[in-house]
Structure formats: structure tokens, C-alpha cells
Amino acid sequence: MGDRIELVVLTLDFGGNVNPEDEKGKIWFSGKFVDWKDANIHVMSHVIHYGSAVFEGLRCYDTANGPATFRLKDHVNRLFDSAKIYRMEIPFTRDEIFDACQETVKINNMKSAYVRPIAFRGYNTLGVDPTGIPIEVVIGTMSWGTYLGEEAINVGVDVRISSWTRIAPNTFPAMAKCGANYMNSQLIKMEAAVDGYIEGIALDANGYVSEGSGENIFIIKNGKILTPPLGASVLPGITRNCVITLAEEIGYEVIEQLVPRELLYIADEVFFTGSAAEVSPIKSIDRIPIGSGKRGPLTEKLQRRFFDIIEGKAEDKYGWLTYVYK
């Protein structure tokens with residue numbers, strides 16, 4: 001296509017807010033490290049006006065064997081898939097972006113981080129047609145704690161069914177992790193917060209359960225594990241894939257099927273998954289307690305297995321960790 005594309009890497013602080021210490025660090029920008037203050041884009045960039053970006057989010061964990069990024073290759077591959085869907089050509093190889101993520105964690109001396117690659121259409125024109133607009137790619141390493149709150153992992157969170165529906169088929173591509181899609185997510189999240197909930201669950205265009213504002217969802221009922229299929233406007237989550245793998249490892253089949261809203265209320269257990277949310281139990285939905293009203297036993301079992309691997313306490317037989325210092 002001949003578009004100019006740049007790659008940027010930045011560092012933010014705990015919880016996603018800018019840390020003054022991070023501002024002293026370096027950002028990987030188009031193949032080289034620059035000072036934080038020099039990593040800027042123009043206010044008339046296409047992405048600011050149209051949300052024309054695709055992005056990723058993954059964690060680097062401070063494991064028993066040193067900092068390691070989690071399923072970095074899979075996240076890089078999904079970034080390229082999203083870019084392809086939106087006709088965005090990234091002029092770096094997957095290996096170059098993979099290495100840039102590792103090097104940015106390293107140069108900023110981070111032991112744990114949330115890594116955020118994002119490709120976006122930059123400065124050239126504000127026409128809706130993006131042809132010829134330069135594409136810039138940012139990879140950020142940010143300090144980030146428990147996404148849904150400190151009690152989310154051990155106790156669970158209170159959520160609601162959102163009044164906002166997830167994107168319908170043939171409107172936005174749900175399989176692409178696109179910036180514009182997350183305007184829908186913001187509405188879901190803000191509505192939940194205003195009403196006193198931690199998160200919202202969106203239904204799809206046909207009224208079936210889809211996902212949270214930034215998380216996939218799993219339902220446990222009568223010893224069976226269910227999760228909505230990709231056809232329910234679901235992003236193919238990488239942590240979602242981890243849980244499916246770990247559930248099968250301990251003898252459970254995960255069934256991908258359409259999930260009616262009311263099944264959530266009578267489920268034995270429900271939990272979210274995501275790179276930020278990790279594995280977070282849901283203790284109530286619309287003020288209806290789920291199961292015993294706290295983290296259930298199977299959720300806890302899957303959680304512990306997941307965290308044992310990412311913390312380096314158990315064998316990483318699936319090759320999910322890539323150590324920053326080899």
C-alpha cells in the first residue's frame with residue numbers, strides 16, 4: 001500500500017496513570033529509543049478523530065525466574081490479524097515487534113508490566129478514507145495492578161447486564177481488537193460504574209451473552225464449563241484460550257455455545273478472563289448472588305493453576321512465558 005508506518009514504545013505507571021518516574025524513561029519509537037518527552041503525535045492525526053487503531057495488551061510477570069512476558073508471540077500475531085482486517089500494513093516483522101516489547105521492558109528496568117502495542121493511522125488528512133495516511137505503531141510498557149480491584153481475584157466482583165449491546169455482525173469486526181470498538185466498551189464500563197458495579201456484561205445483537213467491556217466470560221453449571229462462541233461478537237481472547245487449555249488439562253470440556261442471559265443468574269460459578277483481568281470471579285450479577293456469592297471451587301482451581309504458571313512456580317509446558325533476560 002506504500003503507507004509509512006512507525007513503531008513507538010512507552011512506559012506508564014501502576015493502574016494506567018502516568019508515573020513521574022516513567023517519564024524519565026525511554027520510548028521505542030520507529031526502531032529507536034527516544035526520551036519520553038519526544039514521543040508525540042499531531043492533534044490532527046486520523047486516530048484521534050476516528051478511533052482508527054488496533055491494539056494489544058499483555059502482561060510481563062515478575063516470576064521466580066525473572067521477568068517474563070506472557071504469550072507475547074500470540075499477542076503479536078493477533079495484532080497483525082487485526083491490522084490485516086483493517087487493511088493496515090505494519091512495516092516491521094513480527095519478530096521485530098516481539099523483540100521491541102522485550103527490549104522496552106528491559107531498558108526501563110521493569111520487573112512486571114502491562115505491555116500495550118497499538119497501531120494507528122497518523123497525520124495526513126481527516127478524510128474518512130484512510131488511504132495514504134501514515135500508520136504509526138506504539139508499544140507501551142506500563143505498571144499495572146489488579147484490573148478489577150484488589151478483591152477481584154480472591155472474592156469476586158459485582159457486575160450488571162449492560163443496557164448497551166455488543167457490536168452486531170457486519171458492523172464492526174469483533175475479531176479485531178480495534179480502538180473504535182472500545183467506545184462501546186467505555187459505555188458499558190461507565191454505565192456499570194455509575195450504578196455501583198465493577199463491570200458490565202454485554203449481550204450480543206440477538207440477546208445472548210457476549211462478553212464484558214474488556215473481558216471474556218465463562219459459566220459453570222452442573223459441572224460443565226460454557227463460554228460464548230466467537231459468533232456472539234466475542235474477541236478471541238488469549239487468556240480465554242489459556243483457561244480452555246487448563247480446563248481440558250484437569251479433565252473438563254469447555255463448550256462454546258450461545259448462552260441465554262438467565263443462565264447467568266442460575267449458574268454455579270461465573271468468571272471473567274483477560275490479559276488485564278486475568279481470571280476474576282464474579283460474585284453477583286444484577287445483585288443476584290452467583291452460587292454461594294463468592295469465588296467458586298472450580299474457578300479457584302483454574303485460577304491457581306494459571307497463576308502458578310505465570311509466576312514461574314509450575315512447569316511452563318505450554319511455552320507461554322518468554323523471559324526478558326535470557
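**Exercise 1. Find the salt-bridge partner of D286 and place both residues in the fold.**

Step 1. D286 forms a salt bridge with R261, and their closest N and O atoms are 3.3 Å apart. A salt bridge here is a side-chain nitrogen of Lys or Arg within 4 Å of a carboxyl oxygen of Asp or Glu.

Step 2. D286 lies in the loop between strand 16 and strand 17 (288-289) and R261 in helix 6 (residues 261-265), so the pair ties together parts 25 residues apart in sequence. Helices (H or I, at least four residues) and strands (E, at least two) are DSSP runs, numbered from the N terminus.

Step 3. D286 is partly exposed at 22% relative accessible area, and R261 is partly exposed at 33%. The cut-offs are under 20% for buried, over 50% for exposed and in between for partly exposed (1.4 Å probe, protein chains only).

The model is predicted: local features need pLDDT of at least 70, side-chain atom pairs count only at pLDDT 80 or more, and totals for chains, interfaces and linings use all residues. Residues are numbered from 1 along each chain as its sequence is written, and side-chain values use heavy atoms, leaving out hydrogens and water.

**Exercise 2. Describe the interface between the two domains.**

Step 1. The domain assignment, automatic or from a database, gives domain 1 (22-142) and domain 2 (150-311).

Step 2. In contact (heavy atoms within 4.5 Å) are 21 residues of domain 1 and 22 residues of domain 2.

Step 3. The two domains bury about 1,800 Å² between them, 61% of it on carbon and sulfur atoms. Buried area is the accessible area (1.4 Å probe) that two parts lose on being put together, summed over both. F55, R78 and Y86 supply 31% of the area that domain 1 buries against domain 2, more than any other three residues.

Step 4. The rule finds one salt bridge across this interface.

**Exercise 3. Characterise the salt bridge of E278 and say whether its partners are buried or exposed.**

Step 1. E278 meets R59 side chain to side chain at 3.6 Å, N to O.

Step 2. Both E278 and R59 are buried.

Step 3. The structure holds 18 salt bridges. The pair of E278 in strand 16 (residues 278-285) and R59 in strand 5 links distant parts of the chain, 219 residues apart.

**Exercise 4. Locate E56 and list its contacts.**

Step 1. E56 lies in the loop between strand 4 and strand 5.

Step 2. E56 is buried, its relative accessible area being 0%.

Step 3. Leaving aside neighbours within four places in sequence, E56 is in contact with H75, R78, L79, V115, R116, P117, K177 and I238.
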